[in-house]
Amino acid sequence: MRYYVLDPVGSIENLQLREGAVPVPRGDTDVVVKVKAATLNYKDLVLALGWLPLNNGDADYVPLSDGAGKVVGVGPGVRNLQPGDRVVPSFFPDWETGEPAGDEKSLGRELTGMLAEYVCLPEQALVRIPDSMSYAEAAAFPCAGVTAWHALCEKGPVTEEHTVLTLGTGGVSMFALQIAKAKGATVIATTGSAEKAQLLHRVGADHVINYRETEEWDKEVLRLTDGKGADIIVEVGGAQTFQKSMNAAAFGGRISCVGVLAGVDGHADPTSILFKSLSVDGVYVGNTQMLHDVIAFYDRNRLRPIMDAETFPFEDAGKAYARLLQQSHFGKIALQIQ
C-alpha cells in the first residue's frame, strides 16, 4: 500500500509518498479499513509546519486524523462490523463516551495516519456511514464536525430562541452554522472576504459581518441583536478575538473556545466573564458517541457538510496542503483515495 510521511516535519514540501505492507488485524477487535477519502484540518497544517510538537516525535509521521473508508478485514473478536461496511474513525479512538477521567491522558491518543491507503483501528473507534453520505463528506466530521457538535449541543442546548455567533469560514465554524440553523437559531457569521460573505449567506447565515470593513465587529453584533448580544459564541480565533467575543456576548451567554486560528498572542480583560455572567468552556474535539450523534443528525435533517470546490487525488496531497495554507478554500478540503 501507499502512504505519506512528513520527513522531516517543518514544511509541506517534505511530504513523501512511500510503499508498505497492507496492515492486518493485530488484536481480536482490530478492523482493517481501505481508506477512500480524507480531509484536512488547520491542525494538520500546524503540525506539518512544526508549529506544534508531535505526540510521537517527527519520525515516520503519517499525517491526517480525518478519513473514511470500507472495512476489508476484521479480527476474531469484532462483533458489529464486517467486510464491506462503510465507516469513519473517531478523532480519539480510545474515548468512546462520557467525560474524560480527570486529565488529558485519559482521552487517549489523537488519531493520525489517515493519509494512507489502508489503516488498522479498533472496532470501538469506528462509526458507520449512512448510505446517503459520500466517503469525502463522512471524512469531514471527526475533528471539525464533532467539535462544533460538542460546543453547540453537548455544552448546553441551542434552540430557535438563541443567536449564535460563528467566526470565519473554517471547518468548525461551517459545521456550527449548519447545526445552529437546523436547530432553528439565528446565526451571525464573520469573514474577511466579500466573496465568502456571499457564500455564508447561501449556506444560511442570517447576518454576515466583514471584519475587514467593520473592525469593531463586536459592536455590530450588538447592533444586530438590538443591544442584547449573541447567546452562544463558537470562539475559534483565540487570544486575538476573545475580548471582542466577550464584548459581543449576551448576559448569561456561552462562549465555547475551540481554536487559536488568529494566534496565541493577545490580551483580554476577564471581568466581562464576571459582570456579564458568562460561561466559558474549552472544547477539545469530542468522543466517538458525539461522532455518531452528529452524523446521525446530519442524515436525519438531510444536511451535507460544506466541501471545498476543489478536491485532490491522493497523489496531489501536497497541493491540498498548499490550498489550505493559502486560505483560498471554502469548506473542507478533501482527498480522494482510490
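Before I start, one definition: contact means heavy atoms within 4.5 Å. I need that for the helix I will come to shortly. Please keep in mind that this is a predicted model.

I'll begin with the sheet. Six strands make up an open sheet with parallel pairing, and the order across it is β10-β9-β8-β11-β12-β13. At the edges are β10, residues 207–210, and β13, residues 279–282, each of which pairs on one side only. From one strand to the next, the twist averages 15 degrees.

Now the β13 edge in more detail. Its partner is β12, residues 249–257, and the two pair in the parallel sense over four bridges. If you want a residue pair to look at, take Ile 255, whose bridge partner in β13 is Val 280.

Back to the helix. Helix α6, residues 217–224, lies across four strands: β8 (163–167), β9 (186–191), β10 and β11 (230–235). Relative to β10, helix α6 runs at about 155 degrees.

Next, the backbone. Most residues other than glycine have a negative phi, and most peptide bonds are trans. Here are some exceptions.

Following α6 along the chain, there is a loop between α6 and β11, and Asp 226 sits in that loop. Asp 226 is not a glycine, yet its phi is positive, about 55 degrees. Is Asp 226 buried or exposed? Asp 226 counts as exposed, because its relative accessibility is 76% and the exposed class is over 50%.

Gln 327 is another case, with a positive phi near 55 degrees in a residue other than glycine. Its loop runs between α10 (317–326) and β15 (332–336). Gln 327 has a relative accessible area of 54%, so Gln 327 is exposed.

As for the peptide bonds, the one from Asp 7 to Pro 8 is cis, with omega near -5 degrees. Pro 8 is in the loop between β1 (2–6) and β2 (15–19).

Last, the cysteines. How many disulfides are there? The count is zero, where a disulfide needs a pair of cysteine sulfur atoms within 2.5 Å. Why does Cys 153 form no bond? The closest cysteine sulfur to that of Cys 153 is in Cys 143, and at 17 Å it is too far for a bond. For Cys 257 the closest cysteine sulfur is in Cys 143, 16 Å away, so that is too far for a bond. On accessibility, Cys 153 is partly exposed at 21% relative accessible area, and Cys 257 is partly exposed at 25%.

That is what I have; questions are welcome.

Methods. Residues numbered from 1 in each chain as written. Predicted model: local features only at pLDDT ≥ 70, side-chain atom pairs only at ≥ 80, totals over all residues. Heavy atoms only, no water. Pairing = 2+ DSSP bridges. Axes fitted to C-alpha atoms, helices over the stretch in contact; angles between N-to-C directions. Buried < 20%, exposed > 50% of the residue type's maximum accessible area, 1.4 Å probe, protein only.
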